[in-house]
There are 2 protein chains.
Amino acid sequence: MRLRVDWRASAALVGTVVKWLSVPLLVPLAVSLYYGDGGVAAFVVTILVALAVGTAMERVGDIQNIGSREGFLMVAGTWLAVSIVGALPYLVAAHGIPGVAAATAPMSKLANPANALFETMSGFTTTGATVLGEISFDRHSHGILMWRQLTQWLGGMGIVVLAVAILPELSVGGAQLMDAEAPGPGIQKLTPRIAETARALWLAYAGITAVEVLLLFGLNQAGFADNMGLYNAVAHGFTTMATGGFSPEAKSIEAFTGIVQWVIVPFMFAAGTNFALIWQALTGDLDELFGDAEFRFYAGVSGVFTAVIAGLLFAGPTLDVAVGPVAGEAEVSLRHAAFQAVSIVTTTGYASMDFAQWGEPAKYVLFLAIFVGGSAGSTGGAVKMVRWLVIIKSLKRELFTTIHPEAVEPVRLGGRALDESGVRGIYAFTAVYFALFAFGTVFVAIDASRIDETLSAIEVMSAVAATLGNVGPGFGMVGPMGSYEPLTNATKLLMVGLMWVGRLEVIPVLVLFTKSYWQD
Amino acid sequence: MRLRVDWRASAALVGTVVKWLSVPLLVPLAVSLYYGDGGVAAFVVTILVALAVGTAMERVGDIQNIGSREGFLMVAGTWLAVSIVGALPYLVAAHGIPGVAAATAPMSKLANPANALFETMSGFTTTGATVLGEISFDRHSHGILMWRQLTQWLGGMGIVVLAVAILPELSVGGAQLMDAEAPGPGIQKLTPRIAETARALWLAYAGITAVEVLLLFGLNQAGFADNMGLYNAVAHGFTTMATGGFSPEAKSIEAFTGIVQWVIVPFMFAAGTNFALIWQALTGDLDELFGDAEFRFYAGVSGVFTAVIAGLLFAGPTLDVAVGPVAGEAEVSLRHAAFQAVSIVTTTGYASMDFAQWGEPAKYVLFLAIFVGGSAGSTGGAVKMVRWLVIIKSLKRELFTTIHPEAVEPVRLGGRALDESGVRGIYAFTAVYFALFAFGTVFVAIDASRIDETLSAIEVMSAVAATLGNVGPGFGMVGPMGSYEPLTNATKLLMVGLMWVGRLEVIPVLVLFTKSYWQD
Ligand SMILES: [K+]
Ligand SMILES: [K+]
């Protein structure tokens with residue numbers, strides 16, 4: 001049997017990424033040095049491992065041989081490899097190094113390797129589902145919690161580069177629409193070489209992160225946010241722009257003042273926007289942004305979810321529905337509605353209050369939002385705006401051609417007729433996505449009978465949807481103030497797979513499991 | 001504004017159907033006369049109304065003007081009209097006729113017109129969701145309960161004719177595949193004229209019903225089924241072949257012996273099979289049946305659901321899962337698994353035990369089955385086998401073309417390449433189906449906060465899926481021994497709409513709500 005894939009070339013390129021992981025690891029190392037929290041050993045070990053493993057892998061093959069098949073393997077392998085190497089700091093902190101360094105977090109839930117892998121994959125996929133349970137600096141060092149936040153920021157950067165520079169090359173499951181979605185002087189024309197494109201978007205990504213960090217820390221300095229010190233400002237800057245949702249605060253964004261919550265909303269919204277459009281807007285071309293079909297749809301959908309939830313939260317008691325502690329206060333209802341709608345629609349997963357305590361109506365509406373997803377070319381996950389838009393348009397077309405069977409009507413997006421194979425790819429993606437959701441739900445429901453907690457249907461479904469869609473929190477036990485820890489290791493490993501598959505647009509990972517990929 | 005639709009022609013044809021409804025109404029009339037149960041007035045009144053209304057409607061327009069647009073309106077209008085006229089016996093029985101006849105069921109839940117319409121639409125759409133609550137001859141006459149069973153048998157016959165003779169003409173949402181699915185000397189070639197086709201299928205439908213009735217009554221006469229008298233044999237014959245699921249027994253098929261349950265399984269399976277294939281098999285061509293791609297898939301899916309559920313029911317305790325009272329008994333586990341799997345997959349909705357009491361694992365598996373549906377051209381509802389098969393095949397194609405972007409690969413079914421617009425139609429159908437499910441769920445969840453019962457997510461979702469898919473029972477309050485009655489009138493009217501839309505393959509009804517249908 002002769003392989004059609006040069007897996008050595010893929011491994012070599014994955015090795016390069018693993019090697020370079022040692023550079024961002026200097027950040028939590030510096031944090032640990034600053035706070036003197038004893039976490040230094042964990043990062044030094046991981047840096048050495050990343051350098052050694054990365055360099056060794058680089059020698060396995062020749063990256064000149066990377067073609068499109070090798071590209072699929074490289075992308076999937078990268079997220080897996082960094083999640084394994086990136087879990088080392090958690091494991092070292094929990095177990096120490098026998099005879100060399102003591103454990104700094106001996107009681108941590110991350111002592112269980114399945115938990116450590118879950119938390120790291122949740123980080124690099126910008127999911128934000130956590131197994132920590134009790135989040136506090138008493139249990140984990142400042143360095144470890146900053147590494148947790150940083151994995152999301154790195155993952156988000158990887159996703160933007162992937163979506164803008166790599167997936168369109170592989171023309172996967174409608175991903176080419178991202179390209180079509182930047183009309184006029186597209187990003188490709190703007191900066192012809194992939195490396196340059198990636199650099200431009202990295203600049204936008206890092207720049208907006210810096211602006212958010214400064215704003216949040218500014219609020220603190222101005223006396224509007226006592227607990228938003230520089231550490232918290234940086235930590236939340238990292239996880240907002242990644243639509244990540246991890247927070248070093250156990251109560252997520254509920255820990256902060258209303259003004260902080262309001263300030264975070266537009267940054268979450270930006271993180272769910274196509275970065276190519278943001279780049280064009282930053283370079284002065286606002287028309288591209290506001291004229292974009294997906295962006296307008298995204299803004300509309302976010303607005304509708306906000307309005308509906310605000311109405312439900314505000315009107316609560318008169319509807320005879322328990323909607324939590326906010327009913328009847330306009331600003332509070334609107335703030336939590338806008339925050340939670342944008343947070344879930346963009347798949348950020350922050351919580352401004354424990355929405356798992358909301359009444360059934362608002363909860364069901366928020367549950368639907370778990371499937372929506374940000375824009376293509378953003379750091380948001382789930383199904384994504386452009387796919388829903390194309391599905392809606394193609395359904396309208398279907399109704400029209402049912403009455404006019406002779407009509408040949410293309411689906412149009414931003415004035416451009418879409419290729420039928422692109423439309424088909426979007427349907428295929430969505431079908432696979434919901435199939436994974438359905439089978440994941442059945443697996444988890446059956447497996448959850450082995451744990452002590454009794455999970456309701458909405459708890460199980462939200463947990464599966466929130467990991468597959470890289471949203472993070474669900475309802476009930478896995479709610480925004482809860483934890484995935486009580487689930488079995490089998491379920492947690494399944495969810496590691498769901499986060500991984502969901503983050504990489506599903507199809508590019510699934511092809512790796514076909515015979516045709518390896519042989520034909 | 002000039003209408004492009006001759007609604008008068010449609011109304012005239014609907015009138016003909018309403019007029020002819022008076023003939024089957026003679027059946028419950030005869031039953032009421034035989035039992036002397038006082039129900040005669042209800043049927044006499046309804047017969048007179050059907051004749052009068054039907055005749056009047058026939059004069060509204062000229063059925064010569066029926067084109068394909070008028071066909072959509074006629075089909076949707078027929079199910080609505082017969083459900084309204086067919087609700088009259090329930091209302092007359094509950095309220096009587098002032099000064100003429102006393103009410104025979106004054107305490108009936110059907111006194112509420114929304115409930116009466118729900119029960120009748122549930123009958124004619126072969127859904128089998130009930131609002132009766134307490135089913136007993138103490139409360140409702142033999143005539144009324146036979147009419148309830150008969151609405152399903154009539155609805156099933158209408159659906160077979162619709163699927164085989166009318167929808168392919170309208171070429172709707174992949175319905176043309178039904179046609180493609182009868183390969184070789186297709187039913188169209190066998191009996192070229194639509195009227196003849198319809199007659200052949202009616203013969204098969206009535207013939208198999210008669211065989212089942214004789215078998216069930218034979219078991220009674222042979223001493224194997226004390227309570228399966230002629231009345232019950234006929235009643236269950238009517239609702240098996242329609243994949244209807246109504247039963248005059250409060251405990252559904254749990255009321256009968258194990259042998260009765262086993263006998264009913266193959267008849268449910270036949271009812272979920274394409275009737276064109278059954279007709280060919282009956283006329284000696286078994287190869288057409290066993291070689292058919294959809295039939296093989298249907299048999300396989302039914303077998304897998306049976307095996308999984310049997311395993312869960314049998315192994316229950318060793319999995320540490322409460323699975324109800326059957327664990328550890330092989331024949332009992334297999335019987336209930338086969339019965340319930342086939343009942344739900346075919347969308348019959350009979351229950352051999354209260355599956356709402358099963359443990360979570362088996363319940364979730366059964367919940368998935370609610371979406372499966374019988375074969376095209378059968379009386380089964382939901383998404384249907386051929387659509388799932390095409391979706392699976394097109395997903396395989398998508399994975400293949402992801403690696404081989406240059407390949408042009410059609411989706412093949414039974415050796416025949418499918419038209420891309422047919423594949424698209426199937427995706428569109430499925431997308432609309434699940435969108436209706438999602439929005440129905442949110443509506444019902446919100447609306448259910450106005451009733452006294454607290455509904456869980458799985459109760460709400462199963463209720464919506466079971467009405468949209470014409471399955472009937474769901475879980476919890478709406479389980480097989482339960483009732484939809486406690487839901488609000490608004491929810492029940494929404495579900496009347498879901499049953500109606502779901503039964504008529506969704507798209508043909510939705511087009512009526514587009515401007516393009518009426519004007520362009
Ligand atoms: K997230
Ligand atoms: K049914």
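**Salt bridges, potassium sites and the interface of chains A and B**

Colleague: Which residue forms a salt bridge with Glu119(B)?
Modeller: A salt bridge requires a side-chain nitrogen of Lys or Arg within 4 Å of a carboxyl oxygen of Asp or Glu. In this predicted model, the closest N and O atoms of the pair are 2.7 Å apart. The partner of Glu119(B) is Arg148(B).

Colleague: How many residues apart in sequence are the parts that this pair ties together?
Modeller: Helices are DSSP runs of H or I with at least four residues, strands are runs of E with at least two, and both are numbered from the N terminus. Glu119(B) lies in helix H6 (residues 113–124) of chain B and Arg148(B) in helix H7 (residues 142–170) of chain B. The pair therefore ties together parts whose separation in sequence is 29 residues.

Colleague: What pLDDT must side-chain atom pairs have to count?
Modeller: Residues are numbered from 1 along each chain as its sequence is written, while chains are lettered from A and ligands numbered from 1 in the order in which they are written. Side-chain values use heavy atoms, with hydrogens and water left out; totals for chains, interfaces and linings use all residues, local features need pLDDT of at least 70, and side-chain atom pairs count only at pLDDT 80 or more.

Colleague: Is Arg148(B) buried or exposed?
Modeller: Buried means under 20% relative accessible area, exposed over 50% and partly exposed in between, with a 1.4 Å probe and protein chains only. Glu119(B) has 0% relative accessibility and counts as buried. Arg148(B) has 2%, so the class is buried.

Colleague: In chain A, which residue forms a salt bridge with Arg148(A)?
Modeller: The closest N and O atoms are 2.7 Å apart. Arg148(A), at 2% relative accessibility, counts as buried. The partner, at 0%, is also buried; the residue is Glu119(A).

Colleague: How far apart along the chain are Glu485(A) and Lys109(A)?
Modeller: These two form a salt bridge, with the closest N and O atoms 3.8 Å apart. Glu485(A) is in the loop between helix H20 (457–468) and helix H21 (489–503) of chain A, and Lys109(A) is in the loop between helix H5 (88–95) and H6 of chain A. The pair links distant parts of the chain, and the separation is 376 residues.

Colleague: What accessibility class does Lys109(A) fall in?
Modeller: Glu485(A), at 21% relative accessibility, counts as partly exposed. Lys109(A) has a relative accessible area of 36%, so the class is partly exposed.

Colleague: How many salt bridges does a search of the whole structure find over all chains?
Modeller: One network of salt bridges links Lys384(A), Arg387(A) and Glu505(A). Across the interface of chain B and chain A the rule finds two. Over all chains the number is 16.

Colleague: Which residue of chain B meets Glu420(A) in a salt bridge?
Modeller: The side chains meet at 3.1 Å, N to O. The residue is Arg424(B).

Colleague: What area is buried between chain B and chain A?
Modeller: 44 residues of chain B are in contact (heavy atoms within 4.5 Å) with 44 residues of chain A. Buried area is the accessible area (1.4 Å probe) that two parts lose on being put together, summed over both. Carbon and sulfur atoms give 75% of it, and the value is about 4,000 Å².

Colleague: At what distances is the potassium ion (ligand 1) coordinated?
Modeller: Donors are N, O and S atoms within 2.8 Å of the metal, or 3.2 Å for Na, K and Ca; water is not among the atoms, so sites may look incomplete. The oxygen donors are from Thr126(A), Thr127(A), Thr243(A), Gly244(A), Thr347(A), Thr348(A), Asn470(A) and Val471(A), at 2.5 to 2.9 Å.

Colleague: How many residues apart in sequence are the parts that Thr127(A) and Thr347(A) tie together?
Modeller: Thr127(A) lies in the loop between helix H6 (113–124) and helix H7 (142–170) of chain A, and Thr347(A) in the loop between helix H16 (330–345) and helix H17 (360–369) of chain A. Both are buried. The parts are separated in sequence by 220 residues.

Colleague: What spacing do the donors of the potassium ion (ligand 2) follow along the chain?
Modeller: The donors of ligand 2 are oxygen atoms of chain B, including those of Thr347(B) and Val471(B). Thr347(B) and Val471(B) are buried. The spacing is T-T-x115-T-G-x102-T-T-x121-N-V.
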